[in-house]
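Please open the structure in your viewer and keep the selection tool at hand, since this tour moves from one selection to the next and says at each stop what is to be found there.

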Number of protein chains: 2
Amino acid sequence: MRLNRERLVDAALALVDDDGSEALSMRTLAARVDRQVSSLYNHVSGRTELIELMRARIVADIDVAAFASVGTSARAIPWERALEFWARSYLRAFAAHPNLIRLLATTEIRDLSTYEMYDAVIAGLRRGGWPESRTVAVMRTVEAHVLGSALDIIAPSDLIAQDSADVRFSEIRTALDPRFVETSSATAAFELGLNALIDGLRLQLEAGIS
Amino acid sequence: MRLNRERLVDAALALVDDDGSEALSMRTLAARVDRQVSSLYNHVSGRTELIELMRARIVADIDVAAFASVGTSARAIPWERALEFWARSYLRAFAAHPNLIRLLATTEIRDLSTYEMYDAVIAGLRRGGWPESRTVAVMRTVEAHVLGSALDIIAPSDLIAQDSADVRFSEIRTALDPRFVETSSATAAFELGLNALIDGLRLQLEAGIS
């Protein structure tokens with residue numbers, strides 16, 4: 001099969017999904033696509049560019065469009081709604097590639113599409129009434145909430161299980177009762193937290209945070 | 001130096017801090033402490049136990065005591081305050097060992113001290129007025145917020161930098177202005193988000209979530 005940039009990104013994503021981000025190198029990637037390392041450099045300039053291409057792939061699945069409609073006339077939507085759409089699609093995109101979370105969260109961002117996404121979020125928050133000095137914090141705390149929740153959602157369901165808790169831990173055993181599963185799952189927790197976070201941000205904005 | 005359980009946990013933490021959680025195996029740990037793999041089994045039963053010992057080490061640094069004072073008479077403190085103390089010390093504990101976040105967030109919990117911590121949190125939330133069906137979600141969404149924020153806090157400061165953003169991204173460039181650094185840092189974002197999350201949870205509790 002002919003190698004190209006897209007296929008290399010596919011292979012890099014599969015490698016990180018399977019073996020973790022530490023496993024990603026030009027050498028391991030070359031082995032995976034059954035090529036010499038040197039031939040990879042015909043398509044990408046190296047590991048750094050590869051990471052940014054993976055980032056772009058994830059970002060393409062994140063829905064930022066709603067922010068464009070915040071605060072504009074007829075079909076305006078509130079910033080809270082745009083933030084919700086964004087957070088949910090962000091969660092879905094990262095929950096599909098949990099091993100990328102740490103890598104992307106701690107690698108300097110060069111990818112233009114990511115800056116484009118951030119620009120749209122910040123602009124929407126501004127039009128929604130947020131002061132310039134707080135927009136970055138609002139955006140990054142929602143991101144942090146999403147990434148932490150993605151880790152929780154991809155965890156095995158028996159991470160904390162009623163059966164694993166010693167009988168003397170009666171509170172946690174009661175709370176983990178299977179009849180509460182719908183309100184205590186990782187996904188339910190994400191939704192509860194996202195709603196609370198957005199409600200709380202609205203309160204702070206109304207209180208005149210500056 | 002004589003090997004013991006504590007020293008093995010020290011070495012395992014150092015190994016994960018340096019090389020990532022995927023690098024942790026009994027073989028790599030043996031190399032690190034300059035012993036045969038077989039001699040490690042005199043102290044721990046294997047990788048699984050080692051992970052739980054690392055978990056216990058982290059949990060020991062998390063302040064859960066405040067939950068014991070929630071809802072009790074004279075020196076009672078509100079659940080919101082206990083949650084704040086817990087979240088801040090949880091953040092500090094994990095920000096010191098970022099490579100452990102993914103590993104611990106996705107490995108089945110056996111460590112008793114962790115269940116003890118959860119039991120105290122759940123009991124405190126109950127006494128603070130939370131319905132049984134929601135305590136787990138409140139606890140885990142705060143945890144998710146903390147872990148996502150820890151990843152953000154340990155990221156290099158130039159992760160998203162004003163200079164790296166193309167001039168056409170004027171919104172993000174303005175928002176990243178150095179004069180906003182105090183209100184837009186990862187730590188500021190964590191505090192803004194934690195306060196908002198707790199405010200929002202209080203609203204939901206008052207609205208009679210069940």
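Begin by selecting the interface residues of chain B and then those of chain A: 100% of the interface residues of chain B are also interface residues in chain A, so the copies meet through the same surface. Keep in mind as you look that this is a predicted model. On each side of the contact you should have 75 residues selected, since 75 residues of chain B are in contact with 75 residues of chain A.

Next, colour the two chains separately and turn the view slowly. Chain B is superposed on chain A by a rotation of 180° with 0.0 Å of shift along its axis, and the RMSD is 0.0 Å. The two copies are thus related as by a two-fold rotation axis.

Now show the surface where the chains meet. About 6300 Å² is buried between chain B and chain A, and carbon and sulfur atoms give 64% of that area. Which residues of chain B lose the most area to chain A? Select B:Tyr115, B:Arg140 and B:Leu192, which together make up 11% of what that side buries.

Stay with B:Arg140 and add A:Asp152 to the selection, because these two residues form a salt bridge in which the closest N and O atoms are 2.9 Å apart, and a salt bridge here needs such atoms within 4 Å. The count of salt bridges between chain B and chain A is two, while 17 residue pairs, both members at pLDDT 80 or more, are in polar contact across the interface.

To see which parts of the fold carry this contact, select in chain B the helices H6 (99-105), H7 (112-127), H8 (135-154), H9 (170-175), H10 (181-184) and H11 (186-206), each of which gives two or more residues to the side that touches chain A. The largest share of that side, 14 residues, comes from H8(B). If you colour the residues of this side of chain B by character, they divide into 37 nonpolar, 21 polar and 17 charged.

Finally, hide chain B and look at chain A by itself. Chain A has 11 helices and zero strands, and its C-alpha trace spans about 60 × 55 × 25 Å along its principal axes. Of its 210 residues, 54% count as buried. When you follow contacts in chain A between residues at least 6 apart in sequence, you will find that 68% of them join residues at least 24 apart.

Terms used
Residues numbered from 1 in each chain as written. Chains lettered and ligands numbered in written order. Predicted model: local features only at pLDDT ≥ 70, side-chain atom pairs only at ≥ 80, totals over all residues. Heavy atoms only, no water. Least-squares fit on C-alpha atoms with pLDDT ≥ 70 in both. Contact = heavy atoms within 4.5 Å. Buried area = accessible area lost by both parts, 1.4 Å probe. Salt bridge = Lys/Arg side-chain N within 4 Å of Asp/Glu carboxyl O. Polar contact = N/O pair within 3.5 Å; in protein donor to acceptor, adjacent residues only side chain to side chain. Helix = DSSP H or I, 4+ residues; strand = E, 2+ residues; numbered from the N terminus. Nonpolar A, V, L, I, M, F, W, Y, C, P; charged D, E, K, R; others polar. Buried < 20%, exposed > 50% of the residue type's maximum accessible area, 1.4 Å probe, protein only.
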